[in-house]
Amino acid sequence: MLIDGNNFYASCEAVVDPAVLGRPLVVLSNNDGCIVSRSAEARALGIRMGQPYFQVQRQLERLGVIVRSSNYALYADMSQRLMSVLEEWLEALEIYSIDEAFGLLHRPGGGGRSNGDRSGGDLTAWGHALRRDVRRRLGLPVAVGIAPTKVLAKLANKWAKTAPTGGGAPPAVFDLGACPAAQAEAVLEATAIEDVWGIGRKLSRWCRLRGVAHARALRDLPTGELRHRCGVVGVRLQQELRGRACLPLELAPAAKRETCVSRSFSTPIDNREQLREAVATYTSRAAEKLRRQRQRAGALTVFVRSSPFNGTSFYANAATVRLPLASNDTAVLLASALPLADALFKPHKPLQKAGVVLQELQDQATLQHHLLAPLPPEQQQRRSALMATIDRLNRHYGSGTVQWAACGLGAPWRMRRSRLSRAATTRLADLPVVRAVH
Amino acid sequence: MALEKAPNAEPSTEPGIEPGIDLRIVPRSEAEAVVAKATLAGAPDPHRPPRHQPLPLAGAAVAAGFPSPADDYIESRIDLNDVLIRHPSSTFFLRVSGDSMQGAGILDGDLLVVDRAIEPRAGRVVVAVLDGAFTLKYLNRHRDRWRLEAAHPDYPPLELSEGDDARIWGVAIHAIHSL
């Protein structure tokens with residue numbers, strides 16, 4: 001089954017701020033770029049997803065819509081709370097994204113998840129109980145899609161949120177494995193081929209050319225032709241649509257092979273110093289992530305690009321350097337990254353975004369000692385103690401408490417979050433106020 | 001050593017300071033304590049700050065000779081998280097403003113522990129949503145109607161009409177104030 005939060009970011013804002021409860025609210029992406037989440041009330045006003053903020057700013061003001069920047073501290077905390085409540089309800093849980101999780105439970109009265117048996121118990125009531133529990137404990141609305149496979153569960157979840165109900169609210173819980181066969185067919189037919197989970201652009205384009213327009217048609221294609229044309233990926237999708245599970249829950253996230261930190265700038269960068277500061281900031285963030293994952297990087301890439309919209313010719317470039325010895329030491333990584341930033345900078349090419357990717361990650365424990373190690377062991381140890389200390393200070397007193405001078409101070413290119421709400425669940429100074437005044 | 005801080009407590013964060021922009025000055029002794037801990041402990045590096053008190057190491061140093069007679073009596077230290085929080089995922093902290101709940105022992109400026117998993121019943125102190133703001137009241141039953149009451153003689157009770165139960169946001173379980 002798939003459970004996901006409705007309008008997750010907007011809903012989180014409403015949990016800790018009753019002033020926005022029941023009012024139209026939108027949440028903006030990084031740099032207040034475009035609309036990434038809308039409350040049900042904003043949706044009802046016809047505000048569309050993905051609209052650039054500057055285009056609709058006036059309209060939002062006129063309609064009295066509340067606007068918020070993305071408050072990741074709040075969303076991440078609410079997400080963790082959501083997942084731990086879901087864990088109580090399910091036998092196994094795969095956290096798929098900040099607001100989505102696949103869960104496993106067995107249908108009462110036989111009919112396990114691995115077959116398409118429709119005779120088993122109806123789990124709709126169970127789904128509603130889960131919904132009510134999440135609502136009461138966290139204040140978050142969720143939708144539940146129940147089916148024998150992940151692909152079908154995703155589809156059922158979408159249906160739970162969008163099923164036409166003749167003006168009423170959507171059902172919020174939908175059990176594809178227990179509904180009448182005719183309805184199940186109708187749901188599959190109503191799911192456009194592009195909306196099938198995991199289909200990818202190439203496969204969906206082939207399906208369209210072949211006249212396969214919806215999920216049911218893909219399910220009923222001859223398997224032989226599908227295997228010939230689309231290989232095992234297509235066959236797996238088809239099996240999932242037929243109710244035979246091929247994609248198991250991923251319970252332990254695979255060790256990361258690379259890690260990336262990138263941001264758009266609030267104002268375009270057109271001087272070398274500022275680009276160096278930005279790249280240094282991202283590099284030290286990425287190094288911190290590596291140390292938390294207990295990994296070291298064998299290679300490092302810096303990429304930059306200009307805005308595709310500003311009229312001047314588009315510029316995008318990237319450069320990679322291999323480290324002589326895998327490292328997660330901020331100073332070592334900076335020494336590799338900054339020359340790349342210098343090399344990528346072009347005067348008269350204002351940059352809109354830059355990023356740092358750390359690659360060839362390896363476990364800290366499996367690192368082999370190098371004959372040509374730049375530092376003797378005791379100095380190495382002092383370096384890692386220094387890194388550990390810096391990480392601890394930054395965790396304890398807030399990120400950026402201790403940082404490399406190369407990262408700059410008060411840089412004007414930093415992410416714009418002009419309408420950020422408070423870190424209401426994670427920071428003591430930001431707690432919501434409860435009034436005892438009447 | 002002083003008590004470990006609760007995971008949510010961030011003592012030196014002043015309001016209005018954007019994390020990640022400027023260096024902050026922390027009291028030297030505190031900073032040193034953190035530095036010392038990091039270096040001494042060999043950086044255990046958990047994915048998040050420790051949720052519980054460290055276990056006492058009373059018996060750990062005994063390498064030879066008689067085992068410590070206290071070994072059998074080791075218990076973990078008292079953890080305020082365990083005392084104050086029953087359901088971590090549904091517990092939120094709020095800051096009290098005003099004196100209308102003085103009679104319930106809840107003072108202006110208190111840190112309020114609110115558990116949303118607890119059923120709001122008559123006699124409970126609840127956080128209600130009124131006019132777009134959180135409000136702290138007693139929930140009570142009066143002549144078959146629910147109503148919200150202040151714990152202060154100057155403030156009249158407020159009747160709840162049917163279907164208003166959705167406005168109860170959570171149940172307050174502790175108020176913490178410094179003396």
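This report walks through the overall build of chain A, one buried threonine in it, and a surface patch on chain B of a predicted model.

## Overall build of chain A

Let's start with the secondary structure: chain A carries 14 strands along with 13 helices. Its C-alpha atoms fit in a box of roughly 70 × 65 × 45 Å when taken along the principal axes.

Of the 438 residues in chain A, 49% are buried. Sequence-distant pairing is well represented too: taking contacts between residues at least 6 apart in sequence, 66% link residues at least 24 apart.

## Surface and charge of chain A

Turning to the outside, chain A has an accessible surface of about 20,600 Å², and carbon and sulfur atoms account for 53% of that area.

Chain A has 59 positive and 37 negative charges, and the mean positions of these two sets lie 4 Å apart.

## A closer look at A:Thr259

A:Thr259 belongs to strand E9 of chain A, which spans residues 259-269. This threonine counts as buried because its relative accessibility is 3%, and the cut-off for buried is under 20%.

Which residues surround it? Leaving aside residues up to four places away in sequence, A:Thr259 touches A:Ala286, A:Lys289, A:Leu290 and A:Gln293, and also A:Val356, A:Val357, A:Leu358 and A:Leu361.

## A nonpolar patch on chain B

Chain B offers a feature of another kind. B:Ile78, B:Leu80 and B:Val83 together make a nonpolar surface patch of about 320 Å². One of these residues, B:Val83, sits in helix H2 of chain B, which covers residues 80-84.

Technical notes
Residues numbered from 1 in each chain as written. Chains lettered and ligands numbered in written order. Predicted model: local features only at pLDDT ≥ 70, side-chain atom pairs only at ≥ 80, totals over all residues. Heavy atoms only, no water. Helix = DSSP H or I, 4+ residues; strand = E, 2+ residues; numbered from the N terminus. Buried < 20%, exposed > 50% of the residue type's maximum accessible area, 1.4 Å probe, protein only. Contact = heavy atoms within 4.5 Å. Areas by Shrake-Rupley, 256 points an atom, 1.4 Å probe, with all protein chains shown as cover. Lys, Arg positive; Asp, Glu negative; His and termini not counted. Charge placed at Lys NZ, Arg CZ, Asp CG, Glu CD. Patch = residues over 30% accessible without salt bridge, like charges linked within 9 Å, V, L, I, M, F, W, Y side chains within 5 Å. Salt bridge = Lys/Arg side-chain N within 4 Å of Asp/Glu carboxyl O.
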